[in-house]
Amino acid sequence: MKKLILESGLGMAASLFAVLAAGCGNHTEFAMASESSTFQQNSVSTNGKVDVLFVIDNSGTMASSQANVAANFQKFIQLFNQRGIDYRIAVTTTEAYRDLYVAPASYAQFRDGTDKTSHTGVRLISPQTPNVEQTFLTNIIQGTEGSGDERAFQSFRSALTSPANAGFP
């Protein structure tokens with residue numbers, strides 16, 4: 001009986017060794033080849049026109065975030081100007097979605113500042129806008145008295161479909 005168990009055990013061990021040995025070596029049919037991807041955009045093929053919509057969270061804790069966006073706008077717009085990009089820039093808030101629920105509908109209209117700060121009268125900034133940077137800085141600071149119910153994607157959609165903003169993008 002001991003001999004039978006020993007022979008069965010050796011037979012199983014030999015079978016297992018054969019299976020493991022078959023998995024070793026240079027068998028590419030079971031190997032996972034490394035993958036890499038490269039993306040290169042050809043800037044010559046673009047039409048040089050860009051529409052940018054900033055959806056600004058104007059809830060109670062966002063003053064420093066709005067200030068950070070404003071502080072870095074110069075670098076952002078400088079790249080557009082260096083490349084000769086024909087841009088249009090608009091600002092809305094995370095409250096634009098409220099147009100769906102209130103009348104008159106004005107939440108989704110692009111912003112040109114606030115009543116608390118000032119208004120630029122420019123809701124769509126372009127390369128032809130006088131003093132682009134200062135106009136953007138006034139438009140982007142939307143305060144912190146907005147709803148805590150931030151709905152950025154719904155607001156994005158409301159602003160883009162609002163008749164008040166027709167033609168953008």
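A pocket, on a 1 Å grid over the protein atoms alone, is an open set of points where a 1.4 Å probe fits, with protein on both sides within 12 Å along at least five of seven lines; lining residues have an atom within 4 Å of a point. A volume is the space filled by probe spheres set on the points, with grid points joined across faces, edges and corners.

Before you start: this is a predicted model, where local features need pLDDT of at least 70, side-chain atom pairs count only at pLDDT 80 or more, and totals for chains, interfaces and linings use all residues. Residues are numbered from 1 along each chain as its sequence is written, and side-chain values use heavy atoms, with hydrogens and water left out.

**Exercise 1. Describe the largest pocket.**

Step 1: start with the space, which comes to about 430 Å³.
Step 2: go round the lining. It takes in 22 residues, and Arg 111, Gly 113, Thr 114, Asp 115 and Gln 142 sit nearest the centre.
Step 3: sort that lining by class, and you get 11 polar, 8 charged and 3 nonpolar residues. Here Ala, Val, Leu, Ile, Met, Phe, Trp, Tyr, Cys and Pro count as nonpolar, Asp, Glu, Lys and Arg as charged, and the others, Gly among them, as polar.

**Exercise 2. Place Thr 161 in the model.**

Step 1: find its element, helix H4 (residues 152–161); helices are DSSP runs of H or I, at least four residues, and strands runs of E, at least two, numbered from the N terminus.
Step 2: check exposure. Thr 161 has a relative accessible area of 58%, and it counts as exposed because the cut-off is over 50% (buried is under 20%, partly exposed in between; 1.4 Å probe, protein chains only).
Step 3: look at its side chain, where a polar atom lies 2.9 Å from the backbone oxygen of Arg 157.
Step 4: Thr 161 and Arg 157 both line the second largest pocket, along with residues including Asp 99 and Gln 154. That pocket has a volume of about 150 Å³.

**Exercise 3. Decide which parts to read with care.**

Step 1: take the chain average, a pLDDT of 78, with 75% of the residues scoring at least 70. pLDDT is the predictor's confidence in each residue, from 0 to 100.
Step 2: compare elements. Strand E2 (residues 86–93) has the highest mean, 93, and helix H1 (residues 2–23) the lowest, 44.
Step 3: note that pLDDT is below 50 over residues 1–23. Where pLDDT is low, the predicted coordinates shouldn't be read in detail.

Key: A polar contact is a pair of N or O atoms within 3.5 Å; within protein, one must be able to donate a hydrogen and the other to accept it, and residues adjacent in sequence count only if both atoms are side-chain atoms. Contact means heavy atoms within 4.5 Å.
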